[in-house]
Amino acid sequence: MKIKYYIFALLLVPFFANSANSNTNLSKSRLFIESLGQEVLTKIASKNITEKQRERNFRELYTRAFDNNYISQFVLGRHWKKINKKTQEEFVKSFNEYLIMIYAPKFKGWSGKFKTIGSQVENNMYVVAMQLVTNSNSSTSLSLDWRMILKNKEFKILDVNIDGVSMLVTQRAEFSSVIKNHPLGVKGLIKQMNEKVNS
């Protein structure tokens, strides 16, 4: 009988170890997002920095915190495997600059309150829920779900859902339409992104 209890106890050890580790990572995922939000306020939203600094800070944050390869492949969808490696590299470079050009200026002068309100593991991803209040009278708020993975012991963001809408799915639909309607396909999309960045 004692032997049975001993074996049962040994079997439980990995379960409780994994559970404790999972809870720790859930807490860390919330801290990661809160820290990232604070960086946005101090390094990107500030009115006391130049537009070049804002751009550099956003580029550094995006490169460090987001899974660039996953995002690039996702937004191209089935077209990713149809293009050669050189075109893939061109797309990633152009897409990154396009994102920075579009989003960095949007944060200028932004102020608000943000707080994570929960986290869970869903489809092997850490999902952190956040409520974002964007003005002083609390009349404008957004619900954000940050979806990320642990990669080499670091959190990497895969997607952001804003009020239930996936930013990646939205971006993929937009790019798919451009590719479909442009005679050059993916290269036409790259050309359009480069034109917007350089305009």
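This passage describes a strand sheet and several helices in a predicted model. Residues are numbered from 1 along each chain as its sequence is written, and side-chain values use heavy atoms, with hydrogens and water left out. Because the model is predicted, local features need pLDDT of at least 70 and side-chain atom pairs count only at pLDDT 80 or more, whereas totals for chains, interfaces and linings use all residues.

Five strands (DSSP runs of E, at least two residues, numbered from the N terminus) form an open sheet in the order S1-S2-S3-S4-S5, with antiparallel pairing, where two strands pair if DSSP finds at least two bridges between them. Strand S1 (113-122) and strand S5 (165-166) stand at the edges with a single partner strand each, so one side of each is left without a neighbour in the sheet. Within the sheet, strand S3 (residues 141-151) is joined to the antiparallel strand S4 (residues 154-162) by eight bridges, and Trp146 stands opposite Val160 in S4.

Among the helices (DSSP runs of H or I, at least four residues), helix H6 (residues 186-198) has 13 residues and reaches 18 Å from its first C-alpha to its last, close to the 18 Å expected at 1.5 Å a residue, the expected span being 1.5 Å times one less than the number of residues. The buried residues of H6 (under 20% relative accessible area, 1.4 Å probe, protein chains only) are Val186, Gly188, Leu189, Ile190 and Met193, and they pack against H3, helix H4 (85-103) and helix H5 (167-181).

Asn68, which lies in helix H3 (residues 68-76), is buried, with a relative accessible area of 17%. Not counting residues up to four places away in sequence, Asn68 touches Tyr62, Val92 and Asn96, contact meaning heavy atoms within 4.5 Å.

Technical notes: Buried < 20%, exposed > 50% of the residue type's maximum accessible area, 1.4 Å probe, protein only.
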